[in-house]
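Here's a set of exercises to work through with the model open beside you. Try each task before you read its solution.

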Amino acid sequence: MTGKGDTVTLTIGTSTAEIYLFGATLTSWKTDGVERIFVSETAHLDGSKAIRGGIPLVFPHFGTVATSKLPQHGFARNSSWECVKKTESTAEFHLKPDGVPTKLRELWPHDFHLIYTVTLAANTLKTSLTINNPSQEAWDFTTLLHTYFAVKDISRVKVAGLKGYAFLDKVNPPEGDAKPEESREHVNVAGEVDRVYEAVSNNKITILETGSGDVEVHKSHFPDVVVWNPWIEKAKAMADFGDEDYRKMICVEVGSVTDFISLAPGKTWEGSQTLVVARL
Ligand code: BG6
């Protein structure tokens, strides 16, 4: 990992969390000393690049968008956030346009206010994102919490709670508009996986067999769930991801990414996830 930027640390009992001001990216969540979040050994932690791992924040759009010149996943993960409130177990981070690198700011010239709150409790981590439009004009966004979970052996990991939901397969995109539905009770990873499950009304997704217990993801106001593992070839192609890292992580990302949300002047949108260590 390259040089370390400024961080905020939370502690409650035997649980801890660490969040970088750069990107407000949470890079560690430990319960009883067990790390639940994956960050690559080759991640850049000096603000020169979005952090490869942790919980990068995706805003104002997920992926690349034909109508936007912003890089993939927008600018929130590349911006300088401010920590405005902090207790032992909670921290609140804010981002306004002046925290966005000028070159990126010019590509999305709207006024906005993001508030990201991280709250730690025993065996539980809540991350909540509030998006406010203080300007006189409506603008559109998609957003997502890009959580990288640490696992001991990807071949054992199963994701429960997605059966029956339609998905966009980004590895093998469908020819027409028809989208298949997930038929499996447990989604596993045995090759590259990059799927956007849409309108997932079940708000509890569980990551089973992490190697140190099950982790539940409880989502609120995030309709979509992305499951991503780059597997061998894509891992080799990423400079800030170790060749073997794909074995040690799975991204389960809650978001609102399928449809753009139009945020009217003065309005606020909020979404959150609560991660719970369910079974050791
Ligand atoms: C996932 C996307 O959310 O993020 C993938 O579905 C993408 O398509 C992955 O490859 C990582 O993106 P990035 O920009 O951090 O390399």
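**Exercise 1: the annotated active site**

H146 sits in the loop between β10 (139-145) and β11 (148-150). Before going on, some housekeeping: residue numbers start from 1 along each chain as its sequence is written. This is a predicted model, so local features need pLDDT of at least 70 and side-chain atom pairs count only at pLDDT 80 or more, while totals for chains, interfaces and linings use all residues.

*Task.* Work out which residues UniProt lists for "active site", and describe their surroundings.

*Solution.*
- Step 1. The UniProt record, an unreviewed entry, lists H146 and E253 under "active site". UniProt positions are given in the numbering used here, feature names are shortened, and annotations may be inferred rather than shown by experiment.
- Step 2. They're spread over 108 residues of sequence, yet they cluster in space, with a largest C-alpha distance of 4.8 Å.
- Step 3. You already have the loop for H146; E253, for its part, lies in strand β19. Strands here are DSSP runs (E, at least two residues) and helices are too (H or I, at least four), numbered from the N terminus.
- Step 4. H146 counts as buried because it has 22 C-beta neighbours inside 10 Å, and E253 is buried with 23 other C-beta atoms within 10 Å. The cut-offs: buried takes 20 or more other C-beta atoms within 10 Å of the residue's own, exposed 12 or fewer, partly exposed falls in between, and C-beta atoms are placed from the backbone.
- Step 5. Now the contacts (C-beta atoms, placed from the backbone, within 7 Å). Skipping neighbours within four places in sequence, H146 is in contact with I55, P56, V58, C251 and E253. With residues up to four places away left out, E253 touches L144, L145, H146, T147, V225, V226 and W228.

**Exercise 2: a strand on the inside**

*Task.* Is strand β18 (residues 224-229) enclosed or open, and which strands are joined to it?

*Solution.*
- Step 1. Six of the six residues of β18 are buried, so the strand is largely enclosed by the rest of the structure.
- Step 2. Split the side chains by direction: D224, V226 and W228 point one way, V225, V227 and N229 the other, and all are buried. In a regular strand, side chains alternate between the two faces of the sheet.
- Step 3. Find the partners, remembering that two strands pair if DSSP finds at least two bridges between them. β15 (residues 193-197) is joined to β18 by five bridges and runs antiparallel to it; D194 has W228 as its bridge partner.
- Step 4. Five bridges also join β18 to β19 (residues 249-263), again antiparallel. Here V227 is partnered by V252 in β19.

**Exercise 3: the nonpolar core**

*Task.* Which residues of the largest nonpolar core touch the most other members?

*Solution.*
- Step 1. A nonpolar core is a set of buried Ala, Val, Leu, Ile, Met, Phe, Trp, Tyr and Cys residues joined through C-beta atoms within 7 Å.
- Step 2. The largest one has 71 residues, and F149, V225, I250 and V252 touch the most other members. β19 gives the most to this core, with six residues.
- Step 3. Take I250 as a case: beyond its neighbours within four places in sequence, I250 is in contact with F149, V151, I154, V157, V189, I207 and N229.

**Exercise 4: the annotated binding site**

*Task.* Where do Q72 and R77 lie, and is each one buried or exposed?

*Solution.*
- Step 1. UniProt's unreviewed entry places "binding site" at R52, Q72 and R77. Over 26 residues of sequence they still cluster in space, with a largest C-alpha distance of 13.5 Å.
- Step 2. Q72 is in the loop between β5 (57-58) and β6 (82-86), and R77 is in the loop between β5 and β6 too.
- Step 3. Q72 counts as exposed, with 12 C-beta neighbours inside 10 Å, whereas R77 counts as buried, with 23.
- Step 4. Leaving out residues up to four places away, Q72 is in contact with G63 and T64, and R77 touches G23, T25, A50, P56, L57 and V58.

Technical notes:
Contact = placed C-beta atoms within 7 Å.
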